[in-house]
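Could you walk me through this model in my viewer? I would like to know what to select at each stop and what I will find there.

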Amino acid sequence: MHNLTFVRKLEIEFISETLMLHQKYEGDVGCVVWDAAIVLAKYLEETFKQRRFCFKDKNVVELGAGVGCAGLTAACFGANVLLTDLAEVIPLLQLNIKENEKVIAHHGGSVKASILRWGNKDPSINFIPDVVLLADCIYYKQSIDKLLETLDNITENDTRILMSQEMRESDVQKNCWEYFVKRASEKFSFNYVPLSVQNPEYRCPDIKLIELIKKEKTCY
Ligand SMILES: C[S@@+](CC[C@H](N)C(=O)[O-])C[C@H]1O[C@@H](n2cnc3c(N)ncnc32)[C@H](O)[C@@H]1O
């Protein structure tokens, strides 16, 4: 697989490290890093740098991780991270784990990968994560109810859910986003992260960064 990949380097300036993210020349959407993942990763760095969030020893799950950009970044700040995606994406995730595990271990973090198709149960998620990450995963309507089912199953009210999503001009994407917002709003509140607190270099009005907060269950 190694010679079929090319590397995207992601500088994590605050800890003077560089993540090496292998991408594939050919494959489905999970084989490259999307801009929304970079924006999310750099936002994680901002929150860590400004001491707004401590990742040390936190359990983090990334859904639809692709090459694992956001989750691997959280692991560099000391989190224990589980990167999840469809079965066919796991070999690339394993390669990226292997490539970066020394750096991650040096900063006290850990990282594993596991298959999780949205809507299915992953036996390795037998805990409620402190943080769930989701980058650029809202792009086809059939997956949205399943994705929300998974999000609901693995979170509680105090789980931090950070998502990033590129807003694309196509009607398919617009409908998809509209449907996601409608369905997600039944269980989660949307806190849009203003551009002013994002990384000044890696932010973009077309990429929404959102903290989802699970609503309290109503008791009658
Ligand atoms: C546009 S890519 C984003 C990848 C990565 N988060 C990033 O931003 O670089 C969408 C990801 O969602 C994953 N995905 C799509 N449908 C899925 C499903 N039903 N269950 C789990 N993962 C899924 C894909 O395999 C892919 O890795």
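Here is a short tour that begins at the ligand and ends at a helix.

Before you start clicking, keep in mind that this is a predicted model.

**Stop 1: the ligand and its pocket.** Select the ligand and show the protein surface. The space that the ligand takes up is the largest pocket. Now display the residues around the ligand: there are 20 of them, and those that come nearest are Trp34, Gly64, Asp85, Ala135 and Tyr140. Try colouring this shell by class, and you will find 14 nonpolar, three polar and three charged residues.

**Stop 2: the polar contacts.** Which residue places a polar side-chain atom 2.5 Å from an oxygen atom of the ligand? Select Asp85, and you have that side chain in view. Next, pick Gly64, where a polar backbone atom is 2.8 Å from a nitrogen atom of the ligand. Then move to Gly66: one of its backbone N or O atoms lies 3.5 Å from a ligand oxygen. With these contacts on screen, consider the ligand as a whole: on its own it has 590 Å² of accessible area, and the protein covers 96% of that.

**Stop 3: helix 2.** Select residues 69-76, which make up helix 2. Are these residues buried or exposed? Eight of the eight are buried, so helix 2 is largely enclosed by the rest of the structure. Click along it and you will pass Cys69, Ala70, Gly71, Leu72, Thr73, Ala74, Ala75 and Cys76, the buried residues of this helix.

**Last stop: just past the helix.** Select Gly78, just after helix 2, and check its backbone: phi is positive there, at about 100°.

Note on methods: Residues are numbered from 1 along each chain as its sequence is written. This is a predicted model: local features need pLDDT of at least 70, side-chain atom pairs count only at pLDDT 80 or more; totals for chains, interfaces and linings use all residues. Side-chain values use heavy atoms; hydrogens and water are left out. A residue is near a molecule or strand if one of its heavy atoms lies within 4 Å of it. A polar contact is a pair of N or O atoms within 3.5 Å; within protein, one must be able to donate a hydrogen and the other to accept it, and residues adjacent in sequence count only if both atoms are side-chain atoms. Accessible areas come from the Shrake-Rupley method with a 1.4 Å probe; for residues, only the protein chains shown count as cover. On a 1 Å grid over the protein atoms alone, a cavity is a set of points where a 1.4 Å probe fits but cannot get out, and a pocket is an open set with protein on both sides within 12 Å along at least five of seven lines; lining residues have an atom within 4 Å of a point. A molecule sits in a cavity or pocket if more than half of its atoms lie within 2 Å of its grid points. Ala, Val, Leu, Ile, Met, Phe, Trp, Tyr, Cys and Pro count as nonpolar, Asp, Glu, Lys and Arg as charged, and the others, Gly among them, as polar. Buried means under 20% relative accessible area, exposed over 50%, partly exposed in between (1.4 Å probe, protein chains only). Helices (H or I, at least four residues) and strands (E, at least two) are DSSP runs, numbered from the N terminus.
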